[in-house]
Amino acid sequence: MPDDSDDRRPEDELREMLQRFLSGDGPIDPSRLAGAAGMPSDPAQLQALMAQLQAALSRSEDGIDWSAAQRQAAAVVQRDPGSVTSAEREAVQQAVDLAAMWLSATTEIGAATGLTMLSRQQWVDATIPVWQEMSEPVANSIAGALTRAMQEHAPEEAQEMLAGAEKILRNVGGTMFAMQLGNVVGQLAGETVAGGDFGFPLLEDTAALLPVNLRTVAEGLEIPEDQVRIWMAARELAHARLFHHARWLRLHVLSSVREYAEGIHIDVDRLEELAESFDPTNPDELRQALSSGALIPPKTQEQLEALARLETTIALIEGWVDAVTEAATERLPKRDAIAESVRRRRATGGPAEKAFGTLVGLEIRPRRLREAAAFWRTVTDAVGAEVRDSLWDQPDLMPGSDDIDDPSRVIARLQGVGELDEMDLALQELLDDAERSQDAPGTGAEAAADEAPEGETPEGEAGDEDGEEPKQG
């Protein structure tokens with residue numbers, strides 16, 4: 001039988017080599033490979049890891065298989081899905097109804113928004129597309145850079161094999177990243193209380209609470225649970241109503257995230273060091289480099305500017321929500337204690353949030369939240385809630401970072417005595433110039449009469465009332 005091994009493509013050889021590794025015939029320890037994907041090394045998780053990496057090898061499409069993130073997040077949730085009784089659901093619904101009534105007396109925007117109660121798995125299913133969108137630029141950068149680094153530093157005898165296998169390497173590297181992201185999102189499902197917890201619009205045009213996590217938060221605050229439910233419901237409804245009213249806002253925020261994330265570039269020097277010293281028997285080194293953020297270098301000036309704009313937007317959103325929630329829940333005896341406890345919780349964040357920040361290079365905690373909330377309270381006191389909320393009607397009406405520090409200009413503009421815009425200023429300057437030219441001495445008809453010889457009148461003026469020629473002296 002003829003030997004057709006010479007007709008085999010190098011990428012086929014690499015595929016078989018990786019398949020031997022994954023089946024346990026090679027030097028890679030499956031438990032360490034699970035660690036590289038950020039997964040615990042229990043048999044069920046190992047089996048899932050093997051299946052997903054085998055699927056990455058067999059994919060004909062180029063790019064990242066984001067379904068791996070969905071499956072991994074679901075696997076994490078299934079370890080502790082939580083449960084809610086019908087009595088708890090009814091209590092949450094009563095809190096939602098009361099909060100909606102109180103909120104309608106505080107703001108008129110987006111009043112039609114309802115609220116959905118989600119399980120942890122339902123929250124994962126609803127939000128994973130947004131996590132993917134925020135992570136994709138970094139995932140692509142890491143997969144591409146890792147592939148190039150491995151190709152450049154591979155032994156000479158392996159160069160031919162790697163040259164035709166870029167797509168395979170990208171698929172495997174991308175799958176590893178997607179599984180890490182899924183692991184983080186699965187853990188976040190155990191920490192999240194409401195759809196608007198992280199500042200970003202994870203849910204489209206809907207409010208949501210996770211009763212199973214709401215119960216845990218209420219127990220930790222040592223505050224009557226019914227008051228915590230009402231406060232949380234009011235805050236989530238306010239967040240959803242804002243995005244329901246300002247239809248442009250969700251796209252604006254996600255575009256800002258994308259603008260920032262696309263500016264992230266992988267630290268090639270660090271990656272080359274990793275490729276040179278990479279030990280296939282210890283893929284945990286790769287996991288640590290990914291999860292620690294070591295591959296993401298310090299931010300560039302452009303990134304800092306994009307991040308500052310994004311943080312200002314998030315602060316304004318969260319500050320408005322806090323100010324409106326405070327006003328709507330003024331009847332709650334423990335309102336201030338709940339607000340402060342939740343504010344501290346959001347400021348510190350949990351382990352899963354920090355893991356996402358290092359993995360993607362983007363923190364999901366709002367900054368300048370207290371200052372932004374104070375800004376909205378000041379504006380409300382000056383012009384009232386209805387005029388205040390008009391600032392969300394169009395993107396160009398949004399306040400800026402300087403306005404958070406000094407609301408006086410925004411208040412003056414809303415009161416109708418603010419600074420003129422550029423067109424008004426230009427028109428005002430033209431009118432002022434014309435007025436000055438008319439009033440200045442030595443101009444116009446008066447100046448012409450002063451300069452004419454004695455006995456003469458300026459050209460074009462009549463000599464007398466009958467229109468006769470002026471007489472010469």
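**Exercise 1.** Determine at what angle helix α10 and helix α11 pack, and how that angle is classed.

*Solution.* Step 1: in this predicted model, helix α10 (residues 225-245) and helix α11 (residues 247-261) pack at about 100°, with axes 4 Å apart. Helices here are DSSP runs of H or I with at least four residues, numbered from the N terminus. Axes are lines fitted to C-alpha atoms over the stretch in contact, and angles run from 0 to 180 degrees between N-to-C directions.

Step 2: α10 is therefore roughly perpendicular to α11, a class that covers 65 to 115 degrees.

Step 3: L242, F243, H244 and H245 of α10 meet R247, L249 and R250 of α11, where contact means heavy atoms within 4.5 Å.

Residues are numbered from 1 along each chain as its sequence is written. In the model, local features need pLDDT of at least 70, side-chain atom pairs count only at pLDDT 80 or more, totals for chains, interfaces and linings use all residues, and side-chain values use heavy atoms, without hydrogens and water.

**Exercise 2.** Establish whether L391 is buried or exposed, and which residues L391 touches.

*Solution.* Step 1: L391 lies in the loop between α18 (385-389) and α19 (401-405).

Step 2: with a relative accessible area of 1%, L391 is buried (under 20%; exposed is over 50%, partly exposed in between; 1.4 Å probe, protein chains only).

Step 3: not counting residues up to four places away in sequence, L391 touches W376, L397, M398, P399, V410, R413 and L414. L391 and L414 are 23 residues apart in sequence, and their C-alpha atoms are 8.8 Å apart in space.

Terms used. Helices (H or I, at least four residues) and strands (E, at least two) are DSSP runs, numbered from the N terminus. Angles under 35 degrees count as roughly parallel, over 145 as roughly antiparallel, 65 to 115 as roughly perpendicular and the rest as oblique.
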